[in-house]
Amino acid sequence: MTDVADVAGVRTATGLSADAVRQRRERGLTNDYQPLTSRTLREILRANILTRFNALLGSLLVVIVLVGPFQDALFGVALVTNTLIGVVQEWRAKRALDRLAVVTSPHATVVRAGVAEKVAAGEVVLDDVIELAAGDQLVADASVLSSEGLRLDESLLTGESHPVAKNEHDALLSGSLVVAGSGRCVVAAVGAARYAAKLEAQARHFSVAGSELRDGLNRILRVITWVLVPTAGLLFWSQLSSSGTTTADALRGAVAGTVTMVPEGLILLASVAFAVGAMRLARRRVLARELPSIEGLARVDTLCIDKTGTLTTGRLTVADVVELEADAPVAAALAALARVDPRPNATALAMAERFPAETLWPARSRYPFSSETKWSGADFGLAGIWLIGAPDVLLPAGHEARQRVDALAAGGARVLLLARGNPGPTPAAGASPIALVVLRDEIRVDAAETLAYLRAQGVAVKVLSGDHPKTVAAVATEVGLQPGEPVDARTADPATLPDRVVFGRVTPEQKRAFVDALRREGHVVAMTGDGINDVLALKNADVGIAMGAGSAATRAVAQLVLLDNAFTAVPDIIAEGRRVIANMERVANLFLTKTVYATVLAITVGIAKLPFPFLPRHLTLISTLTIGVPAFFLALAPNAARARPHFVARVARFAVPTGLIAAGATYLAYVEARADSATSLPGARTLSTVVLFAIALWVLAILERLGQHRERWLVPLMALGFLIVLAVPAARLFFALAIPRPLVIFAGVGVAALAGVALEFGWLGVDWVQQLRRGRANAAAGDVRL
């Protein structure tokens with residue numbers, strides 16, 4: 001590597017030549033390193049194929065293939081199909097998300113042959129000179145060449161929460177975020193040699209966001225695994241002990257009971273639901289960096305937003321200039337300040353548009369803007385030191401202009417103060433007020449409609465802004481919020497006032513503290529932002545949502561990125577999360593009801609030493625028509641119900657009693673049929689199949705009614721499919737169904753009807769209790785929605 005110290009002056013001015021860049025590319029000294037952002041195809045295959053239940057069901061499939069007949073191996077088709085669907089859906093989601101990730105990948109402004117140009121992070125080479133400004137994310141390890149108040153947030157790498165000042169020759173780590181100031185640095189390490197890349201190499205597995213749904217499913221599966229093995233042994237022993245039962249029959253009976261206990265499609269559907277949800281968001285130009293982050297959206301009850309870039313477009317116009325000192329060079333000062341920063345923000349662009357550059361003052365040094373000081377400026381030599389920033393920071397206490405500022409802010413204007421600073425380390429101390437610059441925000445046309453939707457969905461909205469509290473309140477009122485009395489964060493800590501709506505003059509640290517306070521109270525918080533001052537709060541929120549046109553720092557820490565900067569996408573995001581979680585709960589009820597009745601039947605039959613009431617093909621038929629096919633439609637149906645905690649407990653409250661009723665009714669019908677001397681074992685098994693199908697279909701009907709979008713065709717279509725199997729001789733032969741005499745059928749229908757009545761009354765009771773509990777909770781909380 002070239003000695004940076006020998007060429008620092010030249011390098012700062014000109015950077016690398018085209019030949020030097022080409023030589024480094026030929027030597028492989030580029031930053032073309034792809035981080036691990038999602039699972040590879042090999043990992044997807046391994047995750048979907050090498051599962052505990054695939055191993056178990058695969059072993060049982062081998063048993064059935066050996067003892068026959070092949071009809072009893074139908075569950076193997078479902079096993080392979082489920083695995084293929086899981087692989088295909090996740091691969092499609094990966095490709096879609098990877099394509100969108102390219103759009104949001106970080107870029108860098110490099111200086112080459114004296115010209116600054118923006119390049120992709122992978123095109124940066126060793127010894128490149130990079131220009132840094134607030135909002136940038138460092139793409140490679142580097143050393144500082146020049147610094148103008150340069151401060152970096154290294155918390156993504158080191159965990160240090162406070163910004164670190166950087167001076168000449170200081171080391172910079174890739175992944176750090178520039179929070180204030182500007183400067184230039186020379187790249188010291190690229191690609192896999194970067195510090196961040198070394199951290200990634202130490203954790204090569206794909207990690208995902210925390211998920212109550214996934215954790216709950218894993219707990220359920222662990223319990224099933226412990227119960228399944230001894231139950232299978234008991235069932236095989238009892239079948240073998242039955243008179244006239246061969247080893248092959250005993251194996252088939254044991255396999256039939258064991259296979260049904262396994263909710264093999266549940267994990268698949270969870271993965272598919274997340275993947276499809278991510279693809280649906282991608283079609284709306286929303287990038288989901290982590291699939292389980294979609295679950296967090298379903299639980300959001302509070303949305304914290306910034307005014308600029310969320311309620312407004314971020315575009316400013318200079319509406320007026322109020323001179324406080326006669327004959328001051330206001331226009332020249334504003335024109336010079338607007339052009340002193342090589343990376344102008346929205347305020348500088350608005351001033352540059354209003355005040356053309358006729359005779360610019362040369363700047364000897366500049367003072368970068370900081371969210372902490374809330375002002376910026378420059379030393380223009382003979383023209384003096386000029387500052388522009390928040391009037392309530394720069395104006396002396398009791399100055400008469402403060403009343404004018406408050407009046408303008410109350411009307412929704414954004415007011416800045418132009419002041420003449422003093423020489424020394426603190427130029428703002430005792431600054432002389434020169435003029436008020438009145439700026440107007442452009443309100444997003446869709447903001448009011450979006451906020452109305454959020455209120456209707458029970459999502460409280462909080463506005464956290466660095467602007468004057470009255471300005472923020474005026475904008476909030478314009479878009480339909482009821483701001484109440486706005487809070488000035490300089491005199492009141494927002495974290496102690498979580499019930500208020502509008503907060504002004506909020507620092508980045510206060511935004512983070514406010515989000516933390518809401519989370520401590522049990523709220524699930526989403527945070528939107530586009531500026532560097534939103535990064536801390538975005539990182540600490542349950543779900544961070546960044547604007548695609550925002551700073552690289554916000555995109556780096558957010559789980560979701562709005563590529564079109566459309567605030568209207570937020571309702572779609574929340575609705576998608578709610579759809580996924582609410583539907584997965586319905587599907588989990590189906591699968592775990594099956595697990596409960598299969599387990600109870602297996603244990604009961606095993607203790608009674610009766611032949612198992614089903615062949616594997618019977619349970620495959622029931623599972624396909626009452627669980628497998630319906631589950632896919634239920635999992636992907638529209639559903640805007642807000643997710644609630646305690647997923648496992650709610651599923652258990654439904655599945656355990658429902659499964660017990662189904663098992664009890666099926667066993668009763670089977671025993672009655674066995675007691676009839678005119679009914680053969682195939683006939684008794686057919687009756688058990690009919691009764692269990694009828695009860696399982698009733699359970700499906702209850703869960704279908706729970707959805708906000710009714711699939712009224714689903715239950716009749718599944719019933720028709722089963723009737724076709726019973727009516728077609730070839731189908732009856734294939735599934736080994738032998739219709740018993742009418743009296744036995746009527747008895748079975750009666751048992752199924754009684755079970756259905758028990759299900760309906762039981763569910764009505766549970767529903768009444770849940771409504772009573774919700775009513776009490778709402779009464780206790782006042783059911784206040786802002």
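What follows is a conversation about a helix, a sheet and two loop residues in a predicted model.

In this predicted model, local features need pLDDT of at least 70 and side-chain atom pairs count only at pLDDT 80 or more, while totals for chains, interfaces and linings use all residues. Residues are numbered from 1 along each chain as its sequence is written, and side-chain values use heavy atoms, with hydrogens and water left out.

Colleague: Within what arc do the buried residues of helix H14 fall, seen down its axis?

Modeller: Helices (H or I, at least four residues) and strands (E, at least two) are DSSP runs, numbered from the N terminus, and buried means under 20% relative accessible area, exposed over 50%, partly exposed in between (1.4 Å probe, protein chains only). The buried residues of H14, which spans residues 346-354, are Thr347, Ala348, Ala350 and Met351. Because the directions from the helix axis to their C-beta atoms define the arc, the statement that these residues line one face of the helix rests on an arc of 160°.

Colleague: Which residues are exposed on the other side of H14?

Modeller: What covers the buried residues of H14 includes helix H13 (330-339) and strand E10 (312-323), where contact means heavy atoms within 4.5 Å. On the other side of H14, the exposed residues are Leu349 and Glu353.

Colleague: Which strands stand at the edges of the open sheet of eight strands?

Modeller: The sheet has mixed pairing and runs in the order E8-E21-E20-E19-E9-E16-E18-E17, two strands being paired if DSSP finds at least two bridges between them. A strand with a single partner has one side left without a neighbour in the sheet, and so it is for the edge strands E8 (286-288) and E17 (487-488).

Colleague: What angle does the direction of helix H19 make with that of strand E19?

Modeller: Helix H19 (residues 508-520) packs on the sheet, touching strands E9, E16, E18 and E19. Axes are lines fitted to C-alpha atoms, for helices over the stretch in contact, and angles run from 0 to 180 degrees between N-to-C directions. With E19 (525-529), the direction of H19 makes an angle of about 160°.

Colleague: What is the relative accessible area of Ala113?

Modeller: Ala113 lies in the loop between strand E1 (107-112) and strand E2 (115-120), and its phi is near 55°, a positive value in a residue other than glycine. Ala113 is exposed, with a relative accessible area of 57%.

Colleague: Where does Lys609 lie?

Modeller: Phi of Lys609 is near 55°, a positive value in a residue other than glycine, and at 40% relative accessibility Lys609 counts as partly exposed. Lys609 lies in the loop between H22 and helix H23 (616-635).
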